[in-house]
Amino acid sequence: MMTMTVSEADPWHALTAARVNLAGKRIRQLFDEDPERATRCSTEVAGLFLDYSKQAVDSRSLAALQALADAQQLGGRREAMFHGEAINSTEGRAVLHTALRAPDGAPLIVNGEDVRASVRDALAQMTAFAEGIRSASLRTVDNQRFTTVVNIGIGGSDLGPRMAVEALAPYDQSGLQFHFMANPDSNEVLNVLHGVDLRRTLFLVSSKTFTTQDTLANFLTARAQVTAVLGSEARAMEHFCAITAAPQAALGHGFGAERIFRFHDWVGGRYSLWSAIGLPIMLAIGAPGFLALLAGARAMDAHFRTAPTLSNLPVLLALTGIWNANILDARTQLLVPYDTRLAAFPAYVQQLDMESNGKGVDLAGQRLERASGPVVWGGLGINGQHAFFQLVHQGTQKVPVDFIGVLRSPQQDLEHQRIVFSNMLAQSEALMTGRAREQVLAEMLAQGMDPQRAEVLAGHRTFPGNVPSNTLLIDELSPTRLGALIALYEHKVFTQGVIWGINSFDQWGVELGKQLGRTIYGELCSAPDALAHDPSTRALVAKVHAALGGNLG
C-alpha cells in the first residue's frame, strides 16, 4: 500500500487556509459563535469522556484535518496494522500489540504462526504462574511464600508495568510488594536489593533481546546477591523468571525453561505491557483483572476501527495535535493527570509518543518537510500548578495541555475531590480565557493602586490565554478503563505517524548511543583509547576512568 508523503497531500493547503480564516479569533469567541460547541466538541466511549471544545479549531479546520487523514490513507493503514501486515517497513515486521488483546476468533497467521493460538498459550502460562504465586502454591526454594516481586527491565519493559501496577493499586489484593529496577546506577540497584528479603523475593527479568546491557547488569548483580544468601546459583535461579522474545538467550543465562515467558518480536517494547511483559500487572491484580485490562483496550480498538473520524477519540486527539504542532507551531505537549495513581502516566506516554514519532524522515527515507512528534512531558496537575504551570500561563511558548481526571475512586473523599476538580477545571478555563491587560489595570486602579505603579505591574499580571487543551474524564480508574486509556494514546500516536508519513514502530535513534557506550565501557574497564573519540569525549573518558580506578570488571 502506497502512502503519500505530507508534501504531496493537498489538504495541508486547506489547513493553512483554515488557519487564515481563524486568524485573530480566540478560542473563547468560538463558544460565542456556537452556543452548542461544548456539546458538539465532546464524545465518550469505554468510560472515557473527551471534551476538545477548548482546542483552537472550528468546523472548517476539522473538515480539513479529516481530509488530510483520508489523503494519508488512515483507514487503510489502520486495517493493515490490525491484519498483521508488515507495516514496520524498516524492520520488516508486523505490528500486532492489538492481537494481544483481540477477541478469540479465526486464526491470524503471521510468518507461518497462528498469532491467536500463541497469545492464548502465553496467557495460559502467565495465568498458571501468577495464580500460583498469589495462592502460594508456587513457593520459594526454601518452601516459603513469596512476599516481594522485583521487575528488572528498562524502557517499555519497565514503564508500562510500573505505571499500571501503580495505577491499579486499589485492585491489588496479592499481598505482594512490588519494586521496579530499571536504572543500572548502583544507588538504585543496591537500594532495592538491600531493602527486600532476598529469600522471599521473586525477580522478573524483562528484555526483548536479552542483550540489553542495563538489564543484564542488574540481573547479574541481583543473582549474585541472591546466590550469596541461598548458597548456590542453582538455588538462586529458582527465584528468577525471564520475559523475552529470545528464549534461547535466556536459557543461556541459566533460566529454567518453565520460568521463561515468551513474547514475539512483533511486540514493540513500548507496546508490550499487554504481553508477558505485563506479568507484574497480573501478579498484582490477578488474571481476571489482567483480562479486564485487555478488554478495555479491546473496546478502544473496536472504537478506533469503526467510529467516524469526528467522533473517534484517538483520531480527534491526533488531529487536534497535528493542528497544534504543524499549524499553530506548538512543538510541545503537556499531560497533567489530576489523580495520584496516574503519576507515572506522563512518563509512559512520553516514551510511547517520542520513541514512536520522534522521526525526521518519511517512509521512503526522505527528510520530512514538516515537524513530526512534539516534545511530550508532564506531571501531576496540582503539583505542576506550583511549578511548571507558570511557563504554560505566561511563558513565550504555546503549550497545549491534556487534562486527565478520574471521577470516582475507591478511596474517595468528596471534599478533597472537589478541591482537585476545581483546580483542574479552573486551569483549563484560565489557559483559554487568560486575563487582558486592560482588565488587570482596571482591577488594580479599583483597589486604589497608584496609576504609575499599576502601569508597571500590568504586564506582569497579564495572562495571554488562548492556550488549547483537552479535558479527558474517566469514570473510574478500573483495569478496564486503564486499558482503554492506554489504547487511546497508542492509537493517537499511530494516527499521527500515518499523517506525518513516518514509521512509528522502529527506534533506530537509540542505537548509536548504545554502540558508542559499549566502546566506552570497554575503555573504562581497561584503558582509554587516545584516538577513538573527539577531544571532549577523550578528556571526559580519561577523567571518569581515573575516578573509577580503571577497573569495573
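This briefing covers two groups of paired strands, a helix that crosses one of them, and the surroundings of one leucine. The structure is a predicted model, in which local features need pLDDT of at least 70 and side-chain atom pairs count only at pLDDT 80 or more, whereas totals for chains, interfaces and linings use all residues. Residues are numbered from 1 along each chain as its sequence is written, and side-chain values use heavy atoms, with hydrogens and water left out. Helices (H or I, at least four residues) and strands (E, at least two) are DSSP runs numbered from the N terminus, and two strands pair if DSSP finds at least two bridges between them.

**Strand 7 and its partners**

- Strand 7, which spans residues 201-206, is mostly covered, six of its six residues being buried, where buried means under 20% relative accessible area, with a 1.4 Å probe and protein chains only.
- Both faces of strand 7 are covered, with Thr-201, Phe-203 and Val-205 buried on one side and Leu-202, Leu-204 and Ser-206 buried on the other.
- Strand 5 (residues 148-152) runs parallel to strand 7 and is joined to it by five bridges, and Asn-151 stands opposite Leu-204 in strand 7.
- Strand 8 (residues 240-244) also pairs with strand 7 in the parallel sense, over four bridges, and here Val-205 stands opposite Ala-242 of strand 8.

**The six-strand sheet and helix 20**

- An open sheet of six strands follows the order 1-2-13-12-10-11, with mixed pairing.
- The edges of this sheet are strand 1 (42-45) and strand 11 (375-378), each of which pairs on one side only, and the twist averages 20° from one strand to the next.
- Strand 12 (residues 401-408) pairs with strand 13 (residues 469-476) in the parallel sense over seven bridges, with Ile-404 opposite Leu-472 in strand 13.
- Helix 20 (residues 479-500) lies across strand 2 (48-51), strand 10 (332-337), strand 12 and strand 13, and runs at about 155° to strand 13; axes are lines fitted to C-alpha atoms, for helices over the stretch in contact, and angles run from 0 to 180 degrees between N-to-C directions.

**Leu-352**

- Leu-352 is found in helix 14 (residues 345-357) and is buried, with a relative accessible area of 0%.
- Leaving aside neighbours within four places in sequence, Leu-352 is in contact with Arg-270, Tyr-271, Tyr-489, Glu-490 and Val-493, contact meaning heavy atoms within 4.5 Å.
- Leu-352 and Leu-159 are 193 residues apart in sequence, and their C-alpha atoms are 9.7 Å apart in space.

Conventions: Buried means under 20% relative accessible area, exposed over 50%, partly exposed in between (1.4 Å probe, protein chains only).
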